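Reader: I am new to this structure. Please pick one part and look at it closely, step by step. Where should I start, and what should I follow from there?

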Amino acid sequence: MITRRALVLAGLGGAGAAAAMGGTAYALVENEVLPGKVRLDRALGKCGDLPAPPAASAGVERMTWHSAHRRTTVNACVVAPAKGRSPRGLPVVVALHGSGGSGTSVVDTLALDHYLPDAVANGGVPPFALVTVDGGPDNYWHPRASGDDPMGMVVDELLPRLRERGARTDRIGAIGWSMGGYGALLLARRLGRGRMAAVVAASPALFDSYADARDTNPKSFDGPADYARHDVFAALDELKGVPLRVDCGTSDPFAGRVRDFRDRVHPEGAMDGGCHDGAFWRPRLRPQLAFLGHRLAAR
């Protein structure tokens, strides 16, 4: 079986090599019979360009504390829906970063402090606070054998701190990208439909097996038993009743497994042209934030 790592890393030598392959070989790669679709699509310009964010921006407030669950200092960023707006009285959406990222980097990379106020001011989205936090570069948002528990940190530390500041955390939303998209689905399993108002998983890192996960990122799970405990496909009933939106690019290395997930759960969102990058994620922030905001406002 062609592994995801082979698919991502297969070298085709750029557009010139793609042309030299001839029509038959190109068709085999394009239809994923041969490895290399991701590299081929990127070489052919199918991944698109990173769009500029909306001009208006809101403040970002930072919180720092020593996490008992993560056994280290963590940083959180509270993105306001408008300049000068505090989280008091607002519902909360927790935003989970991808592999190698942090709470700060996901705000900067995706310009969340621009897209949220634009969605509220110009898109008619009910206001909410968007909160990012450090989950560790490769923890995949679940408890690890090392004792590092980023999900416990979110539930038992981040949300209570926000509640102390007056935010509404009885019903929350979640959004995540790649590893964070997978983490958002785990958070929905943890909190259930009674507390989870809506979830957006953007290009979630979903795997065929523990071997597939290990081949993609050796640090993603501690072993087969850890993978089995946190396999979202094995616990789809726990997501019932939670409004879901799942988006993924057709040139994304996770596209096949995400398509399987969508076929089984039937969430909102779509499989569209694009890759595993900001050029795909930024243009979808407006409808994704609207999806979250309107469901948080519904009672």
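Author: Start with the contacts. Among those in the chain with a separation of 6 or more, 73% link residues 24 or more positions apart. Keep in mind that this is a predicted model. The chain has 299 residues, and 55% of them count as buried. There are 12 helices and eight strands.

The part to follow is the sheet, with what lies against it. The sheet is open and contains eight strands, in the order E1-E2-E4-E3-E5-E6-E7-E8. Their pairing is mixed. Strand E1 (60–67) and strand E8 (271–272) stand at the edges. Each has a single partner strand, so one side of each is left without a neighbour in the sheet. In general, strands of a sheet pair through backbone hydrogen bonds, in a parallel or an antiparallel way.

Take the E1 edge. E1 and E2 are antiparallel and share eight bridges. Met63 faces Ala76 of E2 across the pair. The two strands form a hairpin with four residues between them. In that hairpin, Arg71 has a positive phi near 60°.

Now step across E2. Its pairing with E4 is also antiparallel, and it runs over four bridges. Ala76 turns up again here: its bridge partner in E4 is Val133. Ala76 thus stands opposite Met63 and is bridged to Val133 as well.

Go to the other edge. Strand E7 (residues 244–249) and E8 run parallel, joined by two bridges. There, Gly249 stands opposite Asp272 in E8.

Next, look at what lies on the sheet. Helix H4 lies across E1, strand E2 (72–79), strand E4 (129–133) and strand E5 (168–177). Its direction makes an angle of about 125° with E4. H4 also meets helix H5 (residues 112–123). The two helix axes come within 6 Å and cross at roughly 65°. From H4, the residues involved are Val106, Val107 and Leu110. From H5, they are Leu112, Asp113 and Tyr115. By class, this contact has five nonpolar residues, one charged residue and no polar ones.

Stay with H5. Its buried residues include Leu112, His114, Leu116 and Ala119. Asp113, Tyr115, Pro117 and Asp118 are buried too. The buried residues of this helix pack against the strands E1, E2, E4 and E5 and against the helices H4 and H12. After H5 comes Gly124, with a positive phi near 70°.

H12 is the other helix on that list. It covers residues 285–297, which makes 13 residues. From its first C-alpha to its last it reaches 18 Å, close to the 18 Å expected at 1.5 Å a residue. In general, an α-helix has 3.6 residues a turn, so residues three or four places apart point the same way. Leu285, Gln288, Leu289 and Leu292 are among the buried residues of H12. So are Ala290, Phe291, Gly293 and Leu296.

Return to the strands for the loop that leaves E3. His97 sits between strand E3 (91–96) and helix H4 (103–110). Buried or exposed? His97 has 1% relative accessibility, so it counts as buried. Leaving out residues up to four places away in sequence, its contacts include Ser102, Gly103 and Val106. They also include Val133, Asp134, Gly135 and Gly136. Trp141, Trp177, Met179 and Gly180 touch His97 as well. Trp141 is 44 residues from His97 along the chain, and their C-alpha atoms are separated by 9.5 Å. Two of these contacts have appeared before: Val106 of H4 meets H5, and Val133 is the bridge partner of Ala76.

One more loop is worth a visit. It joins helix H8 (210–216) to helix H9 (224–229). Asn217 lies in it. At 10% relative accessibility, Asn217 is below the 20% limit and therefore counts as buried. Its side chain makes a polar contact of 2.8 Å with the side chain of Asp138. Leaving out residues up to four places away in sequence, Asn217 touches Ser99, Asp138 and Tyr140.

Gly223 is found in that loop too. Its relative accessibility is 10%, so Gly223 counts as buried. Its C-alpha atom is 9.6 Å from that of Ala145, which is 78 residues away along the chain.

Note on methods: Residues are numbered from 1 along each chain as its sequence is written. This is a predicted model: local features need pLDDT of at least 70, side-chain atom pairs count only at pLDDT 80 or more; totals for chains, interfaces and linings use all residues. Side-chain values use heavy atoms; hydrogens and water are left out. Buried means under 20% relative accessible area, exposed over 50%, partly exposed in between (1.4 Å probe, protein chains only). Contact means heavy atoms within 4.5 Å. The expected span of a helix is 1.5 Å times one less than its number of residues. A polar contact is a pair of N or O atoms within 3.5 Å; within protein, one must be able to donate a hydrogen and the other to accept it, and residues adjacent in sequence count only if both atoms are side-chain atoms. Two strands pair if DSSP finds at least two bridges between them. Axes are lines fitted to C-alpha atoms, for helices over the stretch in contact, and angles run from 0 to 180 degrees between N-to-C directions. Ala, Val, Leu, Ile, Met, Phe, Trp, Tyr, Cys and Pro count as nonpolar, Asp, Glu, Lys and Arg as charged, and the others, Gly among them, as polar.
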